[in-house]
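Visitor: Please put the model up, and then take me through it in questions and answers.

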Amino acid sequence: MSMVGHGVGAAILPRLSAVGAPPKVATAELGDGGPLRRVGYVTTRELAGSALIGDLLDELRTLSSAGRAGA
């Protein structure tokens, strides 16, 4: 946001990245038609088959499905 704050740029960035933007920077939501992104996960081979990782992936998939249903 540095270039934006100095008046020499514009940016599209994740909502959380704009938290705490200086007062000089105006922010606006892109709305329902805004871009979506895919995320993945990284873990060690030792943890890949663990119940903890399995539960995390199940929860993320549930949230992802709920998000698509609401789109």
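Visitor: How many helices and strands does the secondary structure of the protein chain come to?
Guide: This is a predicted model, where local features need pLDDT of at least 70, side-chain atom pairs count only at pLDDT 80 or more, and totals for chains, interfaces and linings use all residues. Residues are numbered from 1 along each chain as its sequence is written, and side-chain values use heavy atoms, leaving out hydrogens and water. Helices (H or I, at least four residues) and strands (E, at least two) are DSSP runs, numbered from the N terminus. From that end the elements run α-α-α, and the count is three helices and zero strands.

Visitor: What is the radius of gyration of the protein chain, and what does the globule rule give for 71 residues?
Guide: The radius is taken over C-alpha atoms, and the globule rule is 2.2 Å times the number of residues to the power 0.38. The protein chain is more spread out than a compact globule, because its radius of gyration is well over the rule's value: 18 Å against 11 Å.

Visitor: Of the 71 residues, what percentage count as buried?
Guide: Buried means under 20% relative accessible area, exposed over 50%, and partly exposed in between (1.4 Å probe, protein chains only). By that cut-off, the buried share of the protein chain is 7%.

Visitor: Where is Gly33 placed, and is Gly33 buried or exposed?
Guide: Gly33 sits in the loop between α1 (2-5) and α2 (45-48). With a relative accessible area of 74%, Gly33 is exposed.

Visitor: Which side chains meet in a salt bridge?
Guide: A salt bridge is a side-chain nitrogen of Lys or Arg within 4 Å of a carboxyl oxygen of Asp or Glu. The whole structure holds one, with an N to O distance of 3.1 Å. Both partners lie in the loop between α1 and α2, so the pair ties together parts that are 14 residues apart in sequence. The two side chains are those of Arg15 and Glu29.

Visitor: Which residues form a nonpolar patch on the surface?
Guide: Patches are made of residues with over 30% relative accessible area and no salt bridge; like charges are joined within 9 Å, and nonpolar side chains (Val, Leu, Ile, Met, Phe, Trp, Tyr) within 5 Å. Accessible areas come from the Shrake-Rupley method with a 1.4 Å probe, and for residues only the protein chains shown count as cover. This patch has about 270 Å² of accessible area together, and one of its members, Leu63, is found in helix α3 (residues 51-69). The patch consists of Leu56, Leu60 and Leu63.
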